[in-house]
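Student: Could you take me through one part of this model up close? I would like to look at the surroundings of the ligand and the strands that follow on from there.

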Amino acid sequence: MTDDATLHIRGVNKTFLRTGKPSVEALRDIDLTVKDGEFVAIVGASGSGKSTLLRIIDGLMPASSGTIAVGSRAVSRPGPDRAMVFQNDSLLPWKTVIENVGYGLAIGGMARAEREAIARRFIELAGLRGFEHHYPHQLSGGMRQRVNVARALAVDPRILLLDEPFAALDAQTREIMQAELLSIWGRQKKTVVLITHQIDEAVFLSDRVVVFSARPGQIRAEIPIDLPRPRDLEVKRSLAFVQLVDEIWKLIEHEVRLGMSLAVD
Ligand SMILES: Nc1ncnc2c1ncn2[C@@H]1O[C@H](COP(=O)(O)OP(=O)(O)OP(=O)(O)O)[C@@H](O)[C@H]1O
């Protein structure tokens with residue numbers, strides 16, 4: 001496996017062909033490099049192809065054209081170097097927390113004792129110590145989403161792909177999760193691509209915010225976020241933070257309005 005976890009997205013296009021209906025051009029000419037250890041957030045109108053791009057990066061779906069590489073290695077299918085966290089928790093309801101967190105390792109063939117030891121480490125990191133043998137239905141939404149994040153981290157991916165991971169949470173839980181994610185990332189230094197509709201979440205977490213145009217998704221702007229790190233929730237009250245959120249909102253507002261008028265049947 002390559003040591004360099006830089007993500008290279010080159011000339012990616014995606015058009016969905018639909019039987020009996022017009023095709024949908026979702027992505028056009030996406031070129032993006034996410035450096036090893038960098039945290040990049042993607043924001044944009046609904047339907048601008050953000051989730052499609054993440055699925056292509058993860059290898060769940062092929063691009064119509066273009067390439068994805070991690071370091072010098074081209075990727076076209078899911079692999080242990082990338083892990084995805086979805087908006088809705090995707091836990092197995094019949095498995096306990098420790099079994100869910102160790103699930104990716106079990107699939108990889110790791111023996112029980114070893115994978116449980118690793119799972120315990122990530123359960124602890126996610127602040128879930130004491131809940132190892134609970135089932136998903138015994139946890140709150142925020143706790144389930146922490147299990148999802150722990151499960152993604154347990155396979156030790158070089159690249160973490162987060163598709164609106166906190167969208168289903170209430171505002172306070174979301175803020176706590178944002179701070180937790182930052183502290184985990186501060187220790188683990190993964191390459192991260194986060195999709196979010198919350199501009200303040202994008203600014204708070206990332207090194208760079210990429211703004212997508214309305215469909216077909218194209219990169220409209222890239223805004224470096226030069227707020228000092230480590231960041232805590234206090235930074236959200238600073239003038240620099242508010243100005244960045246405002247700048248990005250102005251960029252995206254026009255695209256959001258356009259996106260509303262482009263809904264697909
Ligand atoms: N399997 C598919 N078949 C046909 N069209 C699709 C398919 N998946 C996505 N699309 C279309 O591609 C476009 C991009 O969808 P995508 O989910 O990537 O957007 P998004 O930016 O993630 O949206 P949101 O922010 O609402 O989640 C949309 O118009 C969507 O309807």
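Tutor: Happy to; here is a walk from the ligand shell into the strand pairing, with a short stop at a pair of helices. Please keep in mind that this is a predicted model.

Let's begin at the ligand, which has 14 residues around it. The closest of them are Phe16, Ser46, Lys50, Ser51 and Thr52. Three elements each give at least two residues to this shell: strand S1 (7-18), strand S2 (21-34) and helix H1 (50-58). H1 makes the largest contribution, with three residues. Sorted by class, the shell holds seven polar, four nonpolar and three charged residues.

Now follow S1 away from the ligand. S1 pairs with strand S4 (residues 65-70) through five bridges, in the antiparallel sense. One place to find this on your screen is Asn13, whose bridge partner in S4 is Ser65. S4 also runs antiparallel to strand S5 (residues 73-74), joined to S5 by two bridges. Here Ala69 has Ala74 of S5 as its bridge partner. S4 and S5 form a hairpin with two residues between them, and Gly71 in the turn has a positive phi of about 60°.

For the helices, turn to H5 (residues 141-154) and H6 (residues 171-188), whose axes come within 11 Å and cross at roughly 20°. Because that angle is under 35 degrees, H5 counts as roughly parallel to H6. The crossing is right-handed. Residues making the contact include Val149 and Leu153 of H5, along with Met177 and Leu181 of H6. By class, this contact has five nonpolar and four polar residues, and no charged ones.

Definitions and conventions: Residues numbered from 1 in each chain as written. Predicted model: local features only at pLDDT ≥ 70, side-chain atom pairs only at ≥ 80, totals over all residues. Axes fitted to C-alpha atoms, helices over the stretch in contact; angles between N-to-C directions. Helix = DSSP H or I, 4+ residues; strand = E, 2+ residues; numbered from the N terminus. Parallel < 35°, antiparallel > 145°, perpendicular 65-115°, else oblique. Left-handed = near helix turned anticlockwise from the far one by under 90°. Contact = placed C-beta atoms within 7 Å. Nonpolar A, V, L, I, M, F, W, Y, C, P; charged D, E, K, R; others polar. Near = placed C-beta within 6 Å. Pairing = 2+ DSSP bridges.
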